[in-house]
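Me: I would like to go through a structure step by step. Could we begin with how its parts meet?

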Amino acid sequence: MSDKTADRVERVRSAEDLSRDQREISISEFFEKNRHLLGYDNKVKALLTVVREAVDNSLDACETARIVPDIKVSVKLVSGMKDRYVISVEDNGPGIVKQNIGRVFGKLLFGSKFHKLLQSRGQQGIGISGAVLYSQLTSGKPAKIVTSTGDGKTHCMDLMIDTFKNEPEIIKEDVREGKNWHGVKIELEAEGKYVEHQQSISEYLKQTALSNPYAEIIYDSPDGKIKFERSVKTLPEEPKSIKPHPHGVEIGILRRMLRTTEARTLTGFFTTDFSRVGQSSAKEIIRLAKFGEDVNPKNIDGPQVEKLFQAVQQVQLIKPPLDCLSPLREKLIEEGLKKQLKPEYVVAITRPPDVYRGNPFQIEVGVAYGGELPPDSVAALYRFANRVPLMYQAGDCALAKAVSEIEWRRYGLEQASGAALPTGPIAIFVHIASVWVPFTSESKEAIASYPEIIKEVKLALQEAGRKLSIYVNKKRRAGEAALRMSLFEKYIPEVADALARLSGAEKGKIAAKLENMLKKGKVVIEDTEEPEKPAGKEDDA
Amino acid sequence: MAGEAVKKLDNLGKKLVKDIDEEKNPSMTIPLRALSNVVFDRQDKTLRIGGKTFVRSFFNVAHARKFLQTVEVGAISKDLLNNNKHASLRDVFYMAKRTIPNTKINVVDEQQESDNAVEDLEMITGSWREQLHINANKLGAVAGNVIVEDAGDTIDWSKLGSGGWSIPSNIEELKFKKVDAKYVIYMEKAAVWERLNEDKVWKKLNCIIISSQGQATRGIRRMLQILSTEYKLPIYVLTDFDPWGIYIYSVLKFGSINLAHISDRLSVPNARFLGITADDIEKYDLKKHFISFKDVDFSRLEQIGAYDWFKNNKDWQRQFKMMKDWKAKAEIQALSARGISFISDKYLPEKIKNEDWLD
C-alpha cells in the first residue's frame, strides 16, 4: 500500500460529501446568473429593458385605476462615470400602499395571477423587480421609490433585494406629509450604454405612444427632451379577468393549481378554479382519469397529475369567454398612427376575438401610408403584445411572419420576391391582445407561431390591404394622369414646330390649340400599342 | 414630279391641322406593312399590300413619339423638295435627331426609326422615297458592255477596272446609251462578283454582272426591273444554298413584305434562280463543304416554305425538303473547291446553256 496505489485510486466522493454543496437556489439568485433571460444581455439592451419594465408597470397601474396616463422618463449619465446611468420613471397612477412597496419592487414572482387571467402588460411578476435586481447587481445602489396614494402622505423608500431569500430589504424609509398627489416614481442606477438606433429607448417610447395613444410621455434623454403627445383622451375598455380554461393550462400550471387550490374535492376544483367547466364536464374528466370525485386535489401528485392532464385534453369544452379582452379598437389605432407618423392615409382593422390553446386573444392591425413616411425603404413593422412594443427577435415572431407572408403586390404595393415586407412609404402596426400572450421566451420579444394567431393576423392585414389598395390605386392613377399631362406638354412645342413646317400653318396657334385640348380635357388620352412591324432589316437596304 | 410630292405632304399637314381645329385627336391612317396585310397576286406573281390600315394619333401614350417622328420627317422632306436638294437616310436621321427640352426623350434614337418614318410617309402620300428626295447609299458593283449617262457624266461599265460601278439609290434619271448583253447575273456576294470580274465573265459570256451585299437595294432592284422589262434581258440570280439566300431571290422576284406598296416598281417577276441548288450540290459533290443548320435556319426555312408564293411550287418544295433533310447549307464559294475559276469556266456556262434553273 504505497504511494503508487494512492495514485491510482482516486478518492471517491460520497453523496453526503456532495450534499454539502447542494442547496436550493432562489429565483433571484437564478436570474442573477441568467440575466439574459430577462432581456439584460448587453449594456445597450439592458438600459432599454429597465425603462421598458418601469413604463409597462406605470401604464398598467394607470389603466387599472382608469387614469389617463402621464409618464415622465428620464435617462441621465452619472457624471464622472462611464456606462453608468440614472433611470427614473414617474407616473400619475394610483400609487402603491405602503405595505406592498417592498414586495412589488423587491420580490420576484410576486403577483396574483395563478388563479385568474387578465389582459395586462405584465404576466409573471418578474419585470420591475428584475430591473431592481439588475440595477443593484451593476451599481450596488438601492432602488429609490417615491409614491403616494393621494392621502397627503408621500412614502420614500430605498430598497434592495436579498437574493438569497428573494425578499425585499428596506435600506431607508421615511414619510413626508403635505404634498397632495398620487403616483409612483422609481429611480434606478445601473450600468448601460446609450445608443440611438433602431431599438433605442426613444424608438421604444415612440412605439409605446403608438399603441397607447391616450398616454402622454415626456422623455428627458441624454440628448434632450422629447414629448410624445396623446392623440386621444379616452382609455380603451377595461379588460375583465377570467379563470383559466382547462385546455389552456400546461401540466406544470395544473400541478401548481392543484397544490394551491382552496377546493376540497376534485369536482369542486374543476368547477370553481376554471372557466367553462360544469358539473358534467368535471365528472367526465375525473371518470376518464379514473379518480374518485371526492379526492382532495392536494393529494394528487406525480404521475397522477399526468393522468388528470391527459383526461382534461380528451373532454370537449366550450371555448373560453371572449369578452374579457380590451382591444385598442380601430379609431385609437388610426389616431395614434396619424399623430406619431403623420401619414396621408391610415386604415385599422380589429378582428373579432378568437382562441388559441384555450386562451382568448384578439388581433388588430393598422397600416399607415404616404405622407412623412420614407418613400423608398422597406416598410416599418411595429409589433405589440398587450400594447407593449416588441423590439427584438422579429425573425422568430409569428406577427412578423404573418406580415411577410401577405402578397402585398396584390394590394398595389411593391414587394421583393419571396416572403418579405412591402417596400414604400408604409408602416404596419400589429397588435395581439390576450389574457396570456404566448411569448417564445421570458424576455417577451417574439410571439410563438400558433396557426390561429397567424391566420387572424393575415385576415386582418388582407382586409386592411384591400382598403389601402383602393387608396393607392386611386393615387397612382392620378399620378399617371399627371405624368401623361406633363409628357404631352413637352411634346406639344415639338409637334407644333414640325407640323407648322409641314402644313404652313402658324406654329403658335397649333401649340395653343393642342395645349387647350390637353388642359381642358377635350381629348381622351389613349394608350394602345401600334401593330407590330416586320423586321425591316433583312427585307430591304 | 417634285410638285406632286410637295402637294401630298401639304395635304397630310392640312389634314392634321384640321383635326386640331376641330378639337379631334390629330391622327393619320397608315396601311399596315406586315405579312398579315400582304397578298400574293398569282397573275402578276407579285406581292401587293392589302387593305388593312392602322391609325397613329398624337394624344396616345404609345404613339406620340412616332407621330412626332412622322411629322418631323415629313417636314424635312418638304423642305428638301422645296429647295431641290436630296438627302440620304443617314442625313435625315441627323436632321430629325434632337432632345425634347426638359426630357431625356430624343425625337429619334436610331436610324431605323427615321427610316420607318420615311416608309410610313411613302404609304401615306403614295410617293416613293426617291420622290420625297430621300436616297439610300449607293451600293454594290456592276460590270458589262453597257454605257450609261448619270448626272451629265458618261460611264462605260466595261472600263471600270476591278471595282466596277456602284449603283446609286435613285436611278430614275439614269439614261442607258448602249446595252450589249444577252442576260444579267445578279449575285448575293461581292466576293463572287470580284471572281467573275477578274475572270472577265461579262466579256466572255456577254452578260452584265451585278452584286450587292446581302439583300439587293432598291436602286439595284429598280435597275434589274428596267433591264428586264425595257431591255428584255433574262435575269439570273446566284445565292448561297440557304433560306436567307433563297429569300434574297424571293424579294427580287416577287417583292418584299415591307415594300409591298411599291412592288410594281421593284419586283422582277421574270427573274430565275440559277444556283446554287440542291442538284448542283449533288452533281458537283459539294456535300463535304456543308455548314450545319442552326435553330434559326430551321425556323426561317419553315417560314419561307409556307409563304403563298412558294407553298404550291413543287420544284421549290423539293429544294426545301432536301435542305431540311441534309440539315445543312452551302455557300456559293464552295465551288472554288473545284478550282478557283470553276464557277466562271464551267459552272455558269453549263447552267445557262442547259437552262438549268428554278423559276
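Reply: Certainly. Chain B and chain A bury about 4200 Å² between them, and 62% of it is on carbon and sulfur atoms. Please keep in mind that this is a predicted model.

Me: How many residues are in contact across the two chains?
Reply: On the chain B side there are 56 residues, in contact with 40 residues of chain A.

Me: And how many salt bridges are there between chain B and chain A?
Reply: The count is 3 salt bridges. One pair is Arg98(B) with Glu494(A), whose closest N and O atoms are 2.8 Å apart. As for polar contact across this interface, the rule finds 4 residue pairs, both residues being at pLDDT 80 or more.

Me: Which elements of chain B give two or more residues to the side that touches chain A?
Reply: They are α1 (2-21), β4 (53-57), α2 (64-82), α7 (218-229) and α8 of chain B. The largest share of that side comes from α2(B), with 11 residues.

Me: Let us turn to the nonpolar interior. Which residues touch the most other members of the largest nonpolar core?
Reply: That core has 80 residues, and Trp157(B), Ile208(B), Ile210(B) and Met223(B) touch the most other members. Helix α8 (residues 243-254) of chain B gives the most to this core, namely 7 residues.

Me: Where does this core lie with respect to the domains of chain B?
Reply: The core lies between domain 1 (2-135) and domain 2 (139-353) of chain B, because both give residues to it. There is also another core apart from it, of 53 residues, including Ile492(A), Val495(A), Ala511(A) and Met517(A). As a general point, nonpolar side chains in soluble globular proteins tend to be buried together.

Me: What is Ile208(B) in contact with, leaving aside its neighbours within four places in sequence?
Reply: Its contacts include Val142(B), Ala143(B), Val146(B), Trp157(B), Tyr183(B), Leu227(B) and Leu233(B).

Me: Back to charges. How many salt bridges does a search of the whole structure find?
Reply: The search finds 68 over all chains. In general, side chains of opposite charge can pair when their charged atoms come close.

Me: Which parts of the chain does the pair Asp120(B) and Arg33(B) link?
Reply: Asp120(B) is in helix α4 (residues 111-125) of chain B, while Arg33(B) is in the loop between β1 (27-31) and β2 (38-41) of chain B, 87 residues apart. Their side chains meet in a salt bridge of 2.6 Å, N to O.

Me: Are Asp120(B) and Arg33(B) buried or exposed?
Reply: Both Asp120(B) and Arg33(B) are buried.

Me: What about Glu405(A) and Lys458(A), where are they?
Reply: Glu405(A) is in the loop between α13 (398-404) and β14 (414-415) of chain A, and Lys458(A) is in helix α14 (residues 451-503) of chain A, 53 residues apart. Their salt bridge is 2.7 Å, N to O. Glu405(A) is partly exposed, at a relative accessible area of 35%, and Lys458(A) is partly exposed at 22%.

Me: Which residues do salt bridges that share partners join into one network?
Reply: The network consists of Glu494(A), Asp497(A), Arg501(A), Lys507(A), Glu72(B) and Arg98(B).

Me: One last residue: why does Lys321(B) count as exposed?
Reply: Lys321(B) counts as exposed because its relative accessibility is 52%, and exposed means over 50%. Lys321(B) is found in helix α13 (residues 314-326) of chain B.

Terms used. Residues numbered from 1 in each chain as written. Chains lettered and ligands numbered in written order. Predicted model: local features only at pLDDT ≥ 70, side-chain atom pairs only at ≥ 80, totals over all residues. Heavy atoms only, no water. Helix = DSSP H or I, 4+ residues; strand = E, 2+ residues; numbered from the N terminus. Buried < 20%, exposed > 50% of the residue type's maximum accessible area, 1.4 Å probe, protein only. Core = buried A, V, L, I, M, F, W, Y, C linked by side-chain atoms within 4.5 Å. Domains from an automatic or database assignment. Contact = heavy atoms within 4.5 Å. Buried area = accessible area lost by both parts, 1.4 Å probe. Salt bridge = Lys/Arg side-chain N within 4 Å of Asp/Glu carboxyl O. Polar contact = N/O pair within 3.5 Å; in protein donor to acceptor, adjacent residues only side chain to side chain.
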